[in-house]
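Thanks for coming, everyone. I'll take one chain today and walk through it piece by piece. Have a look at it first.

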Amino acid sequence: MDYDGLMIKYKYRATPVLTEDELANQLHQNEKLDLGGRKVMDDAAVIHLSSGYMEVVDKWYAIKGFLTVPSLALFLLFTWGVYDFISTMIHEYLSGHQRDFFFWGFGIGAVIISFLLAWFCSFMMRVECFRWTHYPVRFDRKNRLVHVFSVDREVYSAPWDDIFFTTGDCVTYKVMKRKNYDIRGHVLAEDRKTVLKTFTLSVSAPRREDLYRNWEFVRRYMEEGPEAVASVLKLMPPVEGRREGIFFGYWYLMFSATYGAPFFVVPFLMALYLTAWPFRVFAMYTCRLPRWSEEVQARCVIAPDDPWDISAVHNPRSLWRWMLGMDKSHSMVDKKRAMMEVKK
């Protein structure tokens with residue numbers, strides 16, 4: 001699970017300048033990558049696509065809830081421990097039972113340790129809970145800008161052409177001698193070396209090459225337009241101005257977990273991720289909704305007759321049929337066009 005940038009912010013640098021690795025692996029906005037005949041990939045991360053802008057979720061949205069499983073469960077356990085030890089000692093004291101120093105010392109020590117562990121678990125729980133449901137990034141093609149809702153709730157904008165995009169290795173995996181890469185955008189100072197702000201695109205992977213289809217999806221949208229990427233859209237998170245539905249959260253977990261997995265493994269994954277689903281619901285419904293500033297909203301206005309205005313309303317009617325491969329004909333673009341014909 002990649003929580004780099006959320007649990008550990010990108011301010012880990014000793015000096016906030018571009019590294020040699022980032023310079024060597026820069027992704028250029030005006031250079032088309034050879035995907036070897038493969039299609040671009042949206043990774044089911046697009047919230048809204050239109051001729052003017054495209055909004056995507058963050059890379060932590062797909063795994064939201066997994067860290068809440070151990071942190072919430074252990075928080076409840078250690079909180080119960082604090083209550084149990086304190087209530088036991090109070091009962092023994094009020095009952096007048098004679099207890100030795102070991103009993104009271106052990107009880108006080110257990111309360112302190114349980115309290116500290118519960119506090120630590122509450123800290124870990126706040127990585128996903130009691131913050132924001134997601135941290136969107138909006139690619140404003142019309143104005144050549146990128147709008148970011150950061151993990152610190154700051155909303156800022158930067159010119160698309162000035163952002164330094166690269167594939168970086170996530171620091172949280174270095175201790176285990178494993179690497180996971182993500183696509184990050186650096187907002188640079190005037191010297192073009194000093195990093196002022198950092199955000200990520202909505203995917204991470206164990207190999208840099210696995211990220212190129214996602215990068216090309218974003219790059220081609222900004223450089224070539226929605227017609228270059230819209231055909232690959234199959235599913236969009238319904239989180240625009242609202243929380244995802246309770247049942248959609250389970251299906252999205254399943255989609256993220258089973259993508260590319262052998263068919264015979266899918267039933268086991270369905271059972272496994274069923275345990276994480278309630279914790280995802282808890283994490284989502286304890287979080288606030290991200291809100292764009294009025295300035296961003298004013299810049300990103302969709303025309304009523306925009307033929308590329310595609311959102312979660314064009315999702316498959318039956319998610320389970322689509323995920324099980326029983327609705328292979330589904331196309332969000334075709335559904336959009338059909339709805340426009342009905343309006344005419």
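One definition before we start: a residue counts as buried when its relative accessible area is under 20%. Exposed means over 50%, and partly exposed lies in between. Keep in mind that this is a predicted model.

Now use that cut-off on helix α2. In α2, the buried residues are T68, S71, L72, F78, G81, V82, M89 and E92. An α-helix has 3.6 residues a turn, so residues three or four places apart point the same way. Keep that in mind when you look at the list.

How far apart should the ends of helix α2 be, at 1.5 Å a residue? The helix covers residues 68-95, which makes 28 residues, so the expected span is 40 Å. The end C-alpha atoms sit 40 Å apart, so the two values agree. Just after α2 comes G96, with a positive phi of about 75 degrees.

Let me step back to the whole chain. It has nine helices and nine strands. There are 344 residues, and 48% of them count as buried. Now the contacts. Take those between residues at least 6 apart in sequence: 73% of them join residues at least 24 apart. As for surface, the chain exposes about 18,300 Å². Carbon and sulfur atoms supply 61% of that area.

On to the sheets. One is an open sheet of five strands, antiparallel, in the order β2-β3-β4-β5-β6. Which strands are at its edges? They are β2, residues 46-49, and β6, residues 155-159, and each pairs on one side only. From one strand to the next, the twist averages 15 degrees.

Stay with β4 for a moment. Its residues V137 and F139 are on one side, and R138 and D140 are on the other. All four are buried, so both faces of β4 are covered. Strand β3, residues 53-56, pairs with β4 in the antiparallel sense, over four bridges. There, M54 has F139 as its bridge partner. Then go across to β5. Four bridges join β4 and β5, again antiparallel. F139 turns up here too, with V146 as its bridge partner in β5.

β4 and β5 also form a hairpin, with four residues between them. Where is R144? It is in that loop, between β4 and β5. Its phi is near 55 degrees, which is a positive value in a residue other than glycine. Is R144 buried or exposed? Neither: its relative accessible area is 28%, so R144 is partly exposed.

Next step along the sheet. Strand β5, residues 145-149, runs antiparallel to β6, and five bridges join them. Within that pair, F149 has V155 of β6 as its bridge partner.

Compare another residue with a positive phi. A44 has a phi near 50 degrees, and it is not a glycine. A44 lies in the loop between β1 and β2. Its relative accessible area is 3%, so A44 is buried.

Now the other sheet. This open sheet has four strands, in the order β1-β7-β8-β9, with antiparallel pairing. The edges are β1, at 26-27, and β9, at 195-205, each pairing on one side only. Strand β8, residues 181-188, pairs with β9 in the antiparallel sense over seven bridges. One position to click on is H186, whose bridge partner in β9 is T198.

What lies across this sheet? Helix α4, residues 212-224, lies across β1, β7, β8 and β9. Against β9, the helix runs at about 120 degrees.

Last stop: H314. It is in the loop between α7, residues 294-299, and α8, residues 319-323. Its relative accessibility is 4%, so H314 counts as buried. Which residues does H314 touch, leaving out those up to four places away in sequence? They are D309, H330, M332, K335, K336 and M339.

That's my tour. Over to you for questions.

Note on methods:
Residues are numbered from 1 along each chain as its sequence is written. This is a predicted model: local features need pLDDT of at least 70, side-chain atom pairs count only at pLDDT 80 or more; totals for chains, interfaces and linings use all residues. Side-chain values use heavy atoms; hydrogens and water are left out. Helices (H or I, at least four residues) and strands (E, at least two) are DSSP runs, numbered from the N terminus. The expected span of a helix is 1.5 Å times one less than its number of residues. Buried means under 20% relative accessible area, exposed over 50%, partly exposed in between (1.4 Å probe, protein chains only). Two strands pair if DSSP finds at least two bridges between them. Contact means heavy atoms within 4.5 Å. Axes are lines fitted to C-alpha atoms, for helices over the stretch in contact, and angles run from 0 to 180 degrees between N-to-C directions. Accessible areas come from the Shrake-Rupley method with a 1.4 Å probe; for residues, only the protein chains shown count as cover.
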